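Biologist: I would be grateful for a close look at a single part of this model, namely one helix and whatever surrounds it. Please set out the criteria as you go.

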Amino acid sequence: MISKKEVFALIANSLGVSQVGEDSSMENQSDWDSLVHLSVLIALDEATQGKAAEIGELAQASSVREILNLLSQNSLLSD
């Protein structure tokens, strides 16, 4: 399990910014490209002990909100 706060932190870290919010996405974060997205996926996988890799839809998730929803739907998000 991973918390929302941890998800925000790892995405911000991958982007090299101080913080992100639920509305942050590839559309409004100029630095969020395919390489950063791969970094986000790897960090999520490490933080969930490999369970995030089992969620195929994460590869197409282009926003923090989508990532949070997918983690929640797969019982990997804690409050």
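Biologist: Which residues of helix α3 are buried, and which elements do they pack against?

Modeller: The account below begins with the helix and then turns to its surroundings.

This is a predicted model, in which local features need pLDDT of at least 70 and side-chain atom pairs count only at pLDDT 80 or more, whereas totals for chains, interfaces and linings use all residues. Residues are numbered from 1 along each chain as its sequence is written, and side-chain values use heavy atoms, with hydrogens and water left out.

Helix α3 spans residues 64-73, and its buried residues are V64, I67, L68, L70 and L71. Buried means under 20% relative accessible area, exposed means over 50%, and partly exposed lies in between, for a 1.4 Å probe and protein chains only. These residues are on the same side of α3 because they cover an arc of only 165° around the axis; the arc is that of the directions from the helix axis to the C-beta atoms. Helices (H or I, at least four residues) and strands (E, at least two) are DSSP runs, numbered from the N terminus. The partners of the buried residues of α3 are β1 (2-3), α1 (4-15), α2 (34-47) and β2 (77-78).

One residue of this helix may be taken individually. L70, in helix α3, counts as buried at 12% relative accessibility. Not counting residues up to four places away in sequence, L70 touches I55, E57, L58 and A61, where contact means heavy atoms within 4.5 Å. By contrast with these contacts, Q29 is 41 residues from L70 along the chain, and their C-alpha atoms are separated by 20 Å.

Beyond the helix comes S75, with a positive phi near 55°. S75 lies in the loop between α3 and β2 and is not a glycine. Most residues other than glycine have a negative phi. At 55% relative accessibility, S75 counts as exposed. A positive phi is also found at Q49, near 50°, in the loop between α2 and α3. Q49 likewise counts as exposed, at 63% relative accessibility.

Next come the strands. L77 is found in strand β2 and is buried, with a relative accessible area of 16%. Setting aside residues up to four places away in sequence, L77 touches M1, I2, S3, K4, V7, L68, L71 and S72; L68 and L71 are among the buried residues of α3. Although L77 and I2 are 75 residues apart along the chain, their C-alpha atoms are separated by 5.0 Å. S3 belongs to strand β1 and is buried at a relative accessible area of 15%. Apart from neighbours within four places in sequence, S3 is in contact with L77, S78 and D79.

The loop between α1 and α2 also reaches the helix. W32 has its place in that loop and is buried, with a relative accessible area of 3%. Leaving aside neighbours within four places in sequence, the contacts of W32 are I11, L15, S24, S25, M26, H37, S62, S63, V64 and I67; of these, V64 and I67 are buried residues of α3. The side chains of W32 and H37 make a polar contact at 3.2 Å. A polar contact is a pair of N or O atoms within 3.5 Å; within protein, one must be able to donate a hydrogen and the other to accept it, and residues adjacent in sequence count only if both atoms are side-chain atoms. W32 and E66 are 34 residues apart in sequence and 14 Å apart in space, C-alpha to C-alpha.

S25 is found in the same loop between α1 and α2 and counts as buried at 10% relative accessibility. A polar atom of the S25 side chain lies 3.1 Å from the backbone nitrogen of E27. Outside the neighbours within four places in sequence, S25 is in contact with W32, S62 and S63.

Finally, two of the partner helices also meet each other. The axes of α1 and α2 come within 9 Å and cross at roughly 145°; axes are lines fitted to C-alpha atoms, for helices over the stretch in contact, and angles run from 0 to 180 degrees between N-to-C directions. The contact is made by V7, L10, I11, S14 and L15 of α1 and by V36, S39, V40, A43, L44 and A47 of α2.
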